[in-house]
Structure formats: C-alpha cells, structure tokens
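Student: Please pick one part of this structure and look at it closely with me. Then show me what surrounds it.

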Amino acid sequence: NDLAFWSRFPVWIVGACLIISGGTFCTRLVGGWSGAVFALLVALSPNLLAHGRLATTDFGCAALMFGSVFAFWQAIEDQRPQKWLIAGTLTGLALLAKYTSLLLGPIFIILGLYEWRSGRIRLNEIARGTAILIAVGMALLFIGYGLQFGPAKYVDGLGAIYSRYTEGFRFYLLGQALNKPVWYYHLVAFVLKTPEPTLLLLLISVYSVFRSPRLQRPAVYVGIPALLVIFVSSFDQAHLGLRRILPAYPFLFALIAIAGTNKPCRFCRHVYIGLIVWASLASLMAYPHYLSYFNILSGGISNGPYLLEDSNVDWGQDLPALAAWEAAHPSEPVSLRYFGSVPPHLYGVKAKKMTDNEVISPIDGVYAISAHSLVYFRKAALQTGRQRVDWLSRYQPFERVGGSIYLFRFP
C-alpha cells in the first residue's frame, strides 16, 4: 500500500498543478469565470480522473503539454529570457514524460508563426526565445537520460508508437475484432467515453468562437494543440486506448471555458450553466469507476467490453471490489480470469485460477472474468471459429463488481 501511495503521489501533485495553472491560463486569456469553469471541468472529468490516480505517464504528459503551451504564451507576451527558460523547462519535462510530447514542436511552430503574422512579435525575437527553449529542453533530456540521450532514440521511439504493430494482432472496436487498425478509432473512443454534456459544450464552444473575434486568439492557443493531438492519433498503429489522446482533454476544457465568457442571450447562458452542472453530475455518478466509464448513450459502464478493450475498460483495477464480493458471499466458489500483474491474494481475493478447459466447458460455480479477458475470448472465437469461447455472446453475467469484473454463474 505504501508503494502504491508514493508512486501515485507525484501524479496527484501534477493534477493539482494542472488545475491551478490551467485556471490561471484561461483567466489571463479571457478573464471572467473561465478559470473556475476550467478547474471544475478538469477536476470532475472521468477520463482525467481515471488516469490522474494511476502511476503512469499519460496524465503527466497531458498536464505538462498544457503547461508548456501556457509557458509559451507567457513567453510571447512578456518576451523575457526568464519566461523562455520556464517554457524550455516544462517542455523538457514533457518530453521526458512521454513521446507524445514531441508534438509540442509543431505546436510551437504554428503558434509562433501565428503570432508573427499577427504582428505581436518579430521573427528574430521568436528565434532568440526559441533557441533558449530548445537549449533548456535538450539539457533536461540529457539529464533525464543519464547523459545517454541521442536523437536516434527519440526517432525510433516515435516510429514504435505511430507506425508499428505486432503482426497477427487483432484490434477491437464496437465489439468487432479487426485485422488492421482504423484511423477513426480514437474519435469513436472519444465519443463513447466523454460525457454527453461535454460533447454538447464543445459543439457550442466551436460555434461561439467562430462568431466572436475576441475569442479567436485564445482559441488558437487551446484549439491547435487539441486538434494536432487528435489528428496524429489517426496514424496510430497500436490502438492502446483513449489515453493516447488524453493530452487533448485539458485544451478542450480550456476551449469550453473561454467560450463561456462570450456574451450570449440569457437563455443560452442558462443552457451553458446547465450543461456544466450535468457534466459534473455525470462524473460524480461514475465514481469510483472512472477508468471503465462510458457515457449513457453508449450503454454505460456495464457495456464496456462490448465496445472497447484494454485501458478503456480494464487495467486490473477491481480486485478490491472482488474481494469485498467474496467476503459477502463466502459460500460461493469462485474461479478467476484476471487481467493484471498483481497477485490477487494481496488484495484478499480467494478465488482459484480459471483453467483454459473451463473457458470451453464451464463447471458449476461462479466465474469472475475481467473485461479484458472477455474481449480476448471473443477475439479467439473469431480467429479460430470456436464460438463456444465467446462468453460475451453466449452467456449473460448476473452481476458486475467494480467497473471491469463480470460474474457468471453455472449451471
């Protein structure tokens, strides 16, 4: 428990920094209540909460990319070396967090050209500031890599993310196993796993920005990074889940926050506030199953393995819930097929391991099967033609513990 706590603690600190810095960014861009709206949306986003409580690089990458763009904006505004130094520091940390942060390069180029064409900064000033940013960022990369950093490693890592996949691997989308990745995977995952009010707020925000010249510059700073992250994900050959486009979420929430400062009619303002409240309630109602969250239109949390797999649904997070169920039903013999690396007994789970023969011919008793394993069964059925192993099609779970472990009872 201590190891889990201290490994996750830095991610929680980064989350707090994202809320504070993002709220400050929005307030400085457009003023008003934009900072408070951003803080509320981030703090109650089921997708950010899902990864903001885990010791992984996804949330840190999202927060640091957002912070880097905020620092770049400050450097453009103040044009002082100290601001470029801060921007370089955050950029270097983002690059150390995850390869996705390489997108900061084209993001800064687009934003810099936009500011130059707008006449807010001269080209030589951008070049001078960018030189500081690059120097500091590269220095942090060398330090982070133990002075063993080389550009070839980064290029190789980028190729591993966006251009390679294991031959014979079957992808999974909307309950179907696919032989090849599809470009729209992350867009579908975004629509399925984002609360409906947030989707509506995004549509309203885009419309509002196009109607208001005052909001166009702030929208460029938050819109370009989000669009670029989502666009590049179309070339992703791994389909590792919504976490691939997680860095887009803070920027999209910032877009919603700044669009809300427009001067709409009273009815429009009430609709906007109502959608914010709805989005907040949707997240509160999903507690604590944020990783396996699906919106209502997609069928909710229970429909997860019928739509997507892997980190969209199941990262082995529900062993404590299974242990609690076993404690409440001590007379039920349980067999477990679990996706994860932690020994289940460490969480108090007493179930025996489910054998491969039982996948084909279940025996009397209760089976606790994680969502990832259920999807694996379906893939195996489609690949081998043995439909008997497709539990999602053949059997109906009588209960779900947590958000990712499904219970089946035989006979």
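Tutor: Start with what an angle between two helices means. An axis is a line fitted to the C-alpha atoms over the stretch in contact, and the angle runs from 0 to 180 degrees between the N-to-C directions. Keep in mind that this is a predicted model. Our part is helix α12, which covers residues 248-259. We take its partners in turn.

Begin with α4. Its axis and that of α12 are 8 Å apart, and the two helices pack at an angle of about 50°. What does that make them: parallel, antiparallel, perpendicular or oblique? Angles under 35 degrees count as roughly parallel, and 65 to 115 as roughly perpendicular. The pair α4 and α12 is therefore oblique. On the α4 side, the contact uses Ala 62, Met 65, Phe 66 and Val 69. On the α12 side, it uses Pro 250, Phe 251 and Ala 254. Sort the contact of α4 with α12 by class: 7 residues are nonpolar, none is polar and none is charged.

Now turn to α11, residues 216-233. Here the angle with α12 is about 150°, and the axes lie 8 Å apart. The cut-off for roughly antiparallel is over 145 degrees. So α11 and α12 count as roughly antiparallel. Their crossing is left-handed. From α11 come Pro 218, Ala 219, Tyr 221, Val 222, Pro 225, Ala 226, Val 229 and Ile 230. From α12 come Ala 248, Phe 251, Leu 252, Ala 254, Leu 255 and Ile 258. In the contact of α11 with α12, 14 residues are nonpolar, with no polar and no charged ones.

The next partner is α1, residues 2-30. It packs against α12 at about 40°, and their axes are 10 Å apart. That makes α1 oblique to α12. The crossing of α1 and α12 is right-handed. Leu 18, Cys 26 and Val 30 are the α1 residues here. They meet Pro 250, Ala 254, Ala 257 and Ile 258 of α12. The contact of α1 with α12 holds 7 nonpolar residues, no polar ones and no charged ones.

Follow Ala 254 through these lists. It serves in the contact with α4, in the contact with α11 and in the contact with α1. Pro 250 appears in the contact with α4 and in the contact with α1.

Which residues does Phe 38 touch, leaving aside its neighbours within four places in sequence? From α12 it touches Pro 250, Phe 253, Ala 254 and Ala 257. Phe 66 is also in contact with Phe 38. So much for α12; the other contacts of Phe 38 are Leu 18, Ile 19, Gly 22, Gly 23 and Cys 26.

Step back to the core. The largest nonpolar core has 93 residues. Phe 38 is one of the residues in this core that touch the most other members, along with Ile 107, Trp 391 and Phe 408. Helix α4, residues 58-78, gives the most to this core, with 13 residues. Another core of 14 residues lies apart from it, and Tyr 338, Val 366, Val 401 and Ile 405 are among its members.

Use Ser 370 as a way into that second region. Ser 370 sits in strand β5, residues 365-370. Buried means under 20% relative accessible area. Ser 370 has 2%, so it counts as buried. Not counting residues up to four places away in sequence, Ser 370 touches Asp 314, Arg 337, Tyr 338, Phe 339, Ser 404 and Ile 405. Tyr 338 and Ile 405 also belong to the 14-residue core.

Last, look just past the end of α4. Gln 79 lies in the loop between α4 and α5. Its phi is near 55°, a positive value in a residue other than glycine. Is Gln 79 buried, partly exposed or exposed? At 32% relative accessibility, it counts as partly exposed. Asp 310, in the loop between α13 and α14, likewise has a positive phi of about 55°. That loop also holds Pro 288, and the peptide bond from Tyr 287 to Pro 288 is cis.

Terms used. Residues are numbered from 1 along each chain as its sequence is written. This is a predicted model: local features need pLDDT of at least 70, side-chain atom pairs count only at pLDDT 80 or more; totals for chains, interfaces and linings use all residues. Side-chain values use heavy atoms; hydrogens and water are left out. A nonpolar core is a set of buried Ala, Val, Leu, Ile, Met, Phe, Trp, Tyr and Cys residues joined through side-chain atoms within 4.5 Å. Buried means under 20% relative accessible area, exposed over 50%, partly exposed in between (1.4 Å probe, protein chains only). Helices (H or I, at least four residues) and strands (E, at least two) are DSSP runs, numbered from the N terminus. Contact means heavy atoms within 4.5 Å. A crossing is left-handed if the near helix is turned anticlockwise from the far one by less than a right angle, and right-handed if clockwise. Ala, Val, Leu, Ile, Met, Phe, Trp, Tyr, Cys and Pro count as nonpolar, Asp, Glu, Lys and Arg as charged, and the others, Gly among them, as polar.
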